[in-house]
Amino acid sequence: MVRKLAATGVALLFALWSVVSAYGYSFNQIVPDVRQPASASGGSACPVPAHQLSGAGSIAMRWSTALGTNPQTILTSNQTPAGQLNEIQQVVQQSLGVWTNVAGTSLTSSTLAPLTTVSPADSCGADGLNTICFDQPDMAFTPGVLAFTRVITADAIGVQVGNTVSTEVGQILDADIYFSPGNATVTFATPSALSSNPKSYDLESLLTHELGHALGFSHSAVWSAMMFPFAPAPGTYTGVRPSSQSLDAPLADDDRTGLRVLYGDPNDTTYVGSIQGRILPANPLSLPVAPVGVTGVFGAHVVALDQASGEVIAGTLGGWSCQAPGPVQFDGTYELQHLPVGHSYLVYAEALNGAVSPSDVSDALITLCRNSTTDPGWPSSQACIVPSVDQQFSTRIQPSP
Amino acid sequence: MNYVQRRRFLWVLFLVGMALIAIVANATTLARLHFYQLVAHSSAIARVRCLHADTRVENGEIWTDTVFEVVQRDKGFLPSVIVVRMPGGKYEHLTSHVDGVPEFRPGEEVYLFLTGQPGRQFYVVGWSQGTFRIRRNARNGAETVTQDSADVPVFDPQTHSFTKMGVKGLPIDRFMEKLTSEIHRQSL
């Protein structure tokens with residue numbers, strides 16, 4: 001189902017609906033280095049989302065069997081050394097399985113290379129290998145940081161990290177997941193050990209979230225989404241577990257739609273709907289004078305709700321478009337892709353001035369442009385400057401004729 | 001959109017809100033820190049002005065070092081210029097990205113809750129949670145303070161409701177009062 005909607009400015013209810021205020025899935029955007037030959041950069045300055053390759057066996061993941069013992073941070077129900085490792089292996093497998101069983105995507109279990117292990121605690125690093133580390137100290141850990149993922153992406157073809165060489169622009173060359181080590185107040189429990197360790201964080205959901213980053217996701221403000229940035233407090237996890245009938249059960253529709261956008265199945269016929277349009281101010285004089293060329297509202301949050309269920313199916317940050325050879329045009333365009341066909345949707349746009357502010361989504365906005373200031377020698381014909389997010393508008397929606 | 005459609009739309013929006021409130025947030029990365037915890041974990045707290053940022057590679061990892069001028073020191077010892085290190089950054093053809101890491105623009109003023117030692121780099125406690133941005137009203141010059149993580153609600157399992165516990169749009173004098181009083185309370 002394709003519906004084109006044009007949204008024009010001036011007050012109505014949606015900006016008042018700040019309790020929903022969920023910006024949806026977002027990705028790290030990479031602008032190809034067009035200073036390189038077209039054979040390496042593709043020749044276009046249009047942003048590309050960071051992504052893994054999705055061919056058979058192309059995503060390899062390993063995990064370090066070195067576990068902190070003093071203090072012990074990974075808690076399992078089986079306390080024998082072999083049983084402990086087996087239990088963690090199951091958690092890693094299960095968490096990977098969540099992301100590789102979503103209908104309408106090209107990520108399947110065959111996309112994953114066999115899961116392997118490595119012994120050293122400090123196995124995470126920029127080596128071209130995707131690794132999960134449970135006992136590797138890192139200066140980035142400060143109080144309140146439970147886990148994080150370092151994702152290294154290439155802006156050209158032929159870039160090398162370790163033995164991995166990029167064959168696509170935006171390819172993730174290395175994604176390492178670090179769990180907070182050596183902190184007696186922060187422990188992580190496997191699902192079977194969680195009930196007997198109520199002060200622990202749920203290892204499986206944290207790892208599933210971090211694996212989302214390893215696949216190219218940024219954070220989502222949809223509270224039910226796996227990519228929501230905050231963990232429930234210890235002892236409060238009540239999320240859904242994957243089951244044999246529904247391996248992707250822990251994901252929300254927002255996560256699934258994001259995955260389809262990143263790793264769409266070319267043979268899919270169900271999730272091929274899109275909604276697109278532009279957000280324009282009622283008064284063109286309200287557009288910013290600088291940088292030049294801004295012709296629409298930038299930074300609006302546009303959300304699609306399934307009319308029947310009321311579920312947030314997808315959300316995007318609108319306000320720009322890009323056609324090769326680029327650069328990005330700030331013309332107010334938005335597009336919601338990979339929606340299931342045969343449904344009706346309600347679309348609303350809101351300014352990022354309520355429960356979500358530009359700083360929450362800066363990762364998805366500030367990386368849209370490169371220019372001679374950020375990158376010496378950048379061609380002026382493909383340069384742009386990201387304007388300030390327009391936080392002053394409110395909206396009404398008019399279906400197109 | 002006619003009247004009936006609008007009414008249906010409002011109902012759907014209402015139901016969505018209720019559904020979202022009923023769902024427990026799933027995942028990860030950061031653990032909530034209360035304001036008193038942020039103060040307790042910080043070796044230094046200061047109002048700082050961003051001067052510039054540089055990307056560097058150390059031990060094979062990409063880091064961004066942001067240089068700040070200290071405008072006002074509220075806790076701990078700080079030199080007049082400090083370097084705050086965060087993971088990630090852009091180096092040659094590689095972009096190292098870590099979600100949740102705050103970024104700063106030259107000229108921007110923020111309150112930072114820091115851990116570290118003078119003479120070395122500092123780190124922001126709880127990343128977005130230890131970052132409080134100062135906004136100045138262009139018309140009257142009034143300053144307000146907003147915590148980067150203020151917009152993300154937290155689920156309270158006892159009341160089965162979401163609450164926002166961060167600092168958002170707080171007038172700067174009230175923020176200073178809150179900060180000073182907590183520092184004083186913890187020094188007793």
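Reader: Where does strand β6 (residues 109-116) of chain B sit, and which strand do three bridges join to β6(B) in the antiparallel sense?

Author: In this predicted model, the strand joined to β6(B) by three bridges is β8 (residues 131-136) of chain B, and the two run antiparallel. Within that pairing, V110(B) stands opposite R133(B) in β8(B). As for where β6(B) sits, six of its eight residues are buried, so the strand is largely enclosed by the rest of the structure.

Reader: Which partner does V110(B) have in strand β1 (residues 44-58) of chain B?

Author: V110(B) is the bridge partner of V48(B), and the strands to which they belong, β1(B) and β6(B), pair in the antiparallel sense over six bridges.

Reader: What kind of connection links β6(B) to strand β7 (residues 122-124) of chain B?

Author: They form a hairpin with five residues between them, and G119(B) in the turn has a positive phi of about 95 degrees. The pairing of β6(B) with β7(B) is antiparallel and runs over three bridges, with L114(B) standing opposite V124(B) in β7(B).

Reader: How should I read the side-chain directions along a strand, and which way do the residues of β5 (residues 94-97) of chain B point?

Author: The general idea is that, in a regular strand, side chains alternate between the two faces of the sheet. In the present case, L94(B) and S96(B) point one way from β5(B), while T95(B) and H97(B) point the other way, and all of them are buried.

Reader: Which strands pair with β5(B)?

Author: One of them is strand β8 (residues 147-154) of chain A, which pairs with β5(B) in the antiparallel sense over four bridges, and here V151(A) stands opposite H97(B). Another is strand β4 (residues 89-91) of chain B, joined to β5(B) by three bridges and likewise antiparallel, with L94(B) as the bridge partner of Y91(B). β4(B) and β5(B) also form a hairpin with two residues between them, and E92(B) in that turn has a positive phi of about 50 degrees.

Reader: How do I read the edges of a sheet, taking the open sheet of three strands in chain A as the case?

Author: Begin with the strand order, which is β5-β12-β13 in chain A, with parallel pairing. β5(A) and β13 (201-202) of chain A stand at the edges, each with a single partner strand, so one side of each is left without a neighbour in the sheet. Strand β12 (residues 188-189) of chain A pairs with β13(A) in the parallel sense over two bridges, and A189(A) stands opposite D202(A).

Reader: Turning to helices, how does the span of α2 (residues 81-99) of chain A compare with the expected value, and what do its buried residues pack against?

Author: Helix α2(A) has 19 residues and reaches 28 Å from its first C-alpha to its last, close to the 27 Å expected at 1.5 Å a residue. Its buried residues include I88(A), V91(A), L96(A) and W99(A), and the elements against which the buried residues pack include β7 (130-133), α4 (203-214) and α5 (253-262) of chain A.

Reader: Is R185(B) buried or exposed, and where is it found?

Author: A residue counts as exposed if 12 or fewer other C-beta atoms lie within 10 Å of its own; R185(B) has 10 within that distance and is therefore exposed. R185(B) is found in helix α3 (residues 172-187) of chain B.

Methods
Residues numbered from 1 in each chain as written. Chains lettered and ligands numbered in written order. Predicted model: local features only at pLDDT ≥ 70, side-chain atom pairs only at ≥ 80, totals over all residues. Buried ≥ 20, exposed ≤ 12 C-beta atoms within 10 Å, placed from the backbone. Expected span 1.5 Å × (residues − 1). Contact = placed C-beta atoms within 7 Å. Pairing = 2+ DSSP bridges.
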